[in-house]
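Please walk me through this model in the viewer, stop by stop. Tell me what to select and what I will find there.

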Amino acid sequence: MLEHLIREYGALAVFVGAAVEGETAVFLGGVFAHRQLLTYWQVALAACLGSFIADQFFFLAGRYAREFSLVRRVRSAPITARILDLLERHPTGFILAFRFIYGMRTASPLAIGLSKIPAMRFLVLNAIAAIVWGIAITTIGYLFGNAVEALFGRLRLHLHLLMALAAGLILIAAAGLYLRSRLHWAPSSEAPKD
């Protein structure tokens, strides 16, 4: 039953997961590809497209829908001032990197939409970053599936997925905390200065 659902709706779930949540859905998609429930490229393509479309949507919301409540909240959040500062100092690098930093996925494209970055520049850089991110996270999930099988043999699917989910969440949280502390992006309680 579970295998049938994954084969039937797995790529769609990865697409939606990449758009809404991000790494965990794509990581699990890589595990599904390892288990041959989906093809590797099907998962990677769904991940790239989901991430790209969601970030384009949030960029356009920041650019053209400034009065929506979500955009107003992000605009007034303390982290937005830091995002805009980093964007001003390192526009290309920040656009290429933000999706790799846990907790920055929704606020960053909205903040970039509020900036003066040209829409075509964001589109091109967003496409490049989505492709790299989608392939990288899918590959990590696929390789994790290989490692679990090498260590424990071929487990029942639900055990394999529970191990993958736990490991993926731990790795993503650890990487996000490390990058936030390294780049000094932790939200502060100070209000942004005008």
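How many salt bridges does the structure hold? This predicted model holds 2 salt bridges.

**Stop 1: Asp55 and Arg99.** Select both side chains. They form a salt bridge, with the closest N and O atoms 2.4 Å apart. Asp55 lies in helix H3, while Arg99 sits in the loop between helix H6 (91-97) and helix H7 (107-114), so the pair ties together parts that are 44 residues apart in sequence. Now check the accessibility. Asp55 is buried, at a relative accessible area of 1%. Arg99 is buried as well, at 0%.

**Stop 2: Arg89 and Asp85.** Go to helix H5 (residues 78-89), where both residues lie. Their side chains meet in a salt bridge, 3.1 Å from N to O. The two are 4 residues apart, about one turn of the helix. Arg89 is partly exposed, with 49% relative accessibility. Asp85 is partly exposed too, at 37%.

**Stop 3: the aromatic rings.** Turn on the rings. The count comes to 6 aromatic pairs. Take Tyr40 and Trp41: the ring centres are 4.9 Å apart and the planes stand at 90 degrees, so this pair is edge-to-face. Trp41 is exposed, at 57% relative accessibility. Next, select Phe59 and Phe122. This aromatic pair is stacked, with 4.4 Å from centre to centre and 10 degrees between the planes. The pair links distant parts of the chain, with Phe59 in helix H3 and Phe122 in helix H8 (residues 119-152), 63 residues apart. Are these two rings' residues buried or exposed? Phe59 is buried, at 0% relative accessibility. Phe122 is buried, also at 0%. Then add Tyr142 to Tyr40 and Trp41: the three form one aromatic cluster.

**Stop 4: Leu60.** Stay in helix H3 (residues 40-64), which holds Leu60. Leu60 is partly exposed, at 39% relative accessibility. Select Pro109 with it. The C-alpha atoms of Leu60 and Pro109 are separated by 8.4 Å, and the residues are 49 apart along the chain.

**Stop 5: the surface patch.** Which residues form a nonpolar patch on the surface? Select Met1, Leu5, Tyr9, Leu12, Val16 and Val20. Together they have about 670 Å² of accessible area. Zoom in on Leu5, found in helix H1 (residues 2-20). Leu5 is partly exposed, with a relative accessible area of 36%. That value passes the patch cut-off of over 30% relative accessible area.

Notes: Residues numbered from 1 in each chain as written. Predicted model: local features only at pLDDT ≥ 70, side-chain atom pairs only at ≥ 80, totals over all residues. Heavy atoms only, no water. Patch = residues over 30% accessible without salt bridge, like charges linked within 9 Å, V, L, I, M, F, W, Y side chains within 5 Å. Areas by Shrake-Rupley, 256 points an atom, 1.4 Å probe, with all protein chains shown as cover. Salt bridge = Lys/Arg side-chain N within 4 Å of Asp/Glu carboxyl O. Buried < 20%, exposed > 50% of the residue type's maximum accessible area, 1.4 Å probe, protein only. Phe/Tyr/Trp six-rings, centres within 6.5 Å; stacked < 30°, edge-to-face > 60°.
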